[in-house]
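Reader: Could you take me closely through one part of this model, the sheet in the second chain, and then set that part in the context of its surroundings?

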Amino acid sequence: MPTTKLVSLRQAIAQFIPDGSTVVIGAGLESCIPFAAGHEIIRQRKRDLTLVGPISDILFDQLIGAGCVRAVRAAWVGNVITGSGYSFRRAVEGGRIEVEDHSNLTLALGLRAGAMGVPFLPTRTALGSDLFSTNLSLKTVTCPFTAERLTAVAAIVPDVAILHVQRADAEGDAHLWGNFGVAREAALASRHVIICTEEIVAPEVINRDPNRVVTPGFRVSAVVHAPWGAHPSPVPGHYNRDHEMFLSYQRESQTPEEFAAWQARWVDEVRNRDDYLTLLGQERTASLALKHHALSEAVDYGY
Amino acid sequence: MAIEAPTRVYTPAELMVTAAAREIGDGEAVFVGMRLPLLGFQLAKSTHAPRAIGVYELGIIRNTPAPEPILTMGDLPNLCRAQWLADTVEVMSVLQRGDVDVSFIGGAQVDRFGNLNTSYIGGIAPGAIETRLPGSGGACDLASLAGRHIIIMTHEKRRFVPRVDYITSPGYGDGAGWRRRVGLTGGGPAAVITTLGVLRFDPDTGEMVLASVHPGVTVEQVLASTGWPLRVAAQVTQTPEPTAEALAILRRLDPQGFWTGHRAT
């Protein structure tokens, strides 16, 4: 009898994200960012988290503004279409959070080393840069074969990866399509994986197309049904990016007081994603729906 | 050189995007950064470089322009009918093994050797950080590994400094030979496209040299907006204005003028 890992978002966050956890959230860089899960972390007043992700758009800024974060291991923290994240800026300038400065490639390689079970991976990026002065996970090494100077990136092994996907079954086998970012490395590197999914489907829907599986279900700890759970980031096959939300966040988060008002309205006074969608309004969600479908051909996995 | 006023109505960003597009050769693989480069690549692709390939850090490679206007590379039209959708590590690997000809990055602070800072203004010690900027993203990788890279930024004295406070994305370090010494395999910065002109680098010294000024801008203005005694090319030219065709394409790619600042009248 297959086991179900299907739980509520509240239960998944309560059970798998204790205070002090190291969490990958936003592995798609711009798409499939688990905003619903991030907002539940804020509602549960989690503390002292270390966030891991190359670029997680405004979600890192929101978690920092809400006081959930002790450290960030990231390549870029801000608002992709407007620039700076004000909560991040204030926290770093005020010395309230630690930053491990990565590039997209070093962050991705750290997770891949974690996924591969090796202590580091070599790369040619970042040599001569000052990333080495604000990132103790980077060292220079000499290649034992060619004697070239290389950057060694230490493995990153997070406690939890939270991934948003298009569809999953109750055991955690999950389909993700579009650009992957570091989703596959994040899932394989982390001790626990929480899958947030637009749709819960029968296992056959997943295993009829195993190439599209982002990580095998045996590594998944919890599955959460979270339709619209990545809004305002885009989810291929489901909804477009809500640019207006990113622009309004930029306007509404410039001071601590503004951020507190934003958090009260969009997170604390919202019990769950249904409330959130009501607040957003049907007209808004309808405007984000796909207007042009582009289906692929089916492939034959037969024997 | 006489000051020539602009003859066509366009925004500074439209001129910069057009200059960026001209840096792309037909058939080249282009690592496309955030913001203005998104438009520059699509403009080049729609005009003189139809065979250019776009590589994006999210894990996207495209050989056709996005079918609809996009504000950012993760917008779904930029994924639709891409040539390849993959992992960040895979597209960065294409870059690292030397298959990317040119890349584009923006910056907050740059120095005479093209080193770029998008991380810390002031310093990194506690109490010394005046401004924390978003960080590298893929910029450090593009500056380290691309065949050449183009920097796009606002030209102000506080941004053009003798020595950057923090090297997020390496240029020519402290001058000739530095990149080879530290082990970098990418070619280094080829141009800096600013709000005032276009600067290139002396191949012998790695130092920035003013190559062209935008219409209506004087060499003196550029010198006054640069925080070190800037070298000036023997023959400073005027940056070509965007053609009517280029402007029409840009206004189709960015109809709201979100990036270019263009407002329909």
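**The sheet of chain B and its surroundings**

Author: In this predicted model, strand β1 of chain B, residues 29-31, runs parallel to strand β2 of chain B, residues 53-56, and the two are joined over three bridges. Within this pairing, B:Ala29 stands opposite B:Ile53 of β2(B). Helix α3 of chain B, residues 88-96, packs on the sheet here, where it touches β1, β2 and β3 (60-62) of chain B, and its direction makes about 125° with that of β2(B).

The pair belongs to an open sheet of 10 strands in chain B, with mixed pairing, whose order reads β4-β3-β2-β1-β5-β10-β11-β12-β13-β14. At the edges of this sheet stand β4 (84-85) and β14 (231-238) of chain B, and because each has a single partner strand, one side of each is left without a neighbour in the sheet. As general background, strands of a sheet pair through backbone hydrogen bonds, in either the parallel or the antiparallel sense.

The helix that packs on the sheet also leads to the neighbouring chain. Between the two chains, 47 residues of chain B are in contact with 53 residues of chain A. On the side of chain B that touches chain A, the elements giving two or more residues are α3, α4 (139-145) and α5 (178-182) of chain B, and the residues of that side divide into 25 nonpolar, 16 polar and six charged. Helix α3 of chain B thus appears in both settings, touching β1, β2 and β3 of chain B and giving residues to the side that touches chain A.

Turning to the partner, chain A has 11 helices and 13 strands. Its radius of gyration is 19 Å, close to the 19 Å that the globule rule gives for 303 residues, so chain A is as compact as a globular protein of that length. Taken along the principal axes, the C-alpha atoms of chain A fill a box of roughly 60 × 55 × 35 Å. Of the 303 residues of chain A, 51% count as buried, and among the contacts in chain A with a separation of 6 or more, 75% are accounted for by residues 24 or more positions apart.

One helix of chain A illustrates the burial. Seven of the nine residues of helix α2 of chain A, residues 35-43, are buried, so this helix is largely enclosed by the rest of the structure; the buried residues of α2(A) are A:Phe35, A:Ala36, A:Ala37, A:Gly38, A:His39, A:Glu40 and A:Ile41. Just after α2(A), A:Arg45 takes a positive phi of about 55°.

Definitions and conventions
Residues numbered from 1 in each chain as written. Chains lettered and ligands numbered in written order. Predicted model: local features only at pLDDT ≥ 70, side-chain atom pairs only at ≥ 80, totals over all residues. Pairing = 2+ DSSP bridges. Helix = DSSP H or I, 4+ residues; strand = E, 2+ residues; numbered from the N terminus. Contact = placed C-beta atoms within 7 Å. Axes fitted to C-alpha atoms, helices over the stretch in contact; angles between N-to-C directions. Rg over C-alpha atoms; globule rule 2.2 N^0.38 Å. Buried ≥ 20, exposed ≤ 12 C-beta atoms within 10 Å, placed from the backbone. Nonpolar A, V, L, I, M, F, W, Y, C, P; charged D, E, K, R; others polar.
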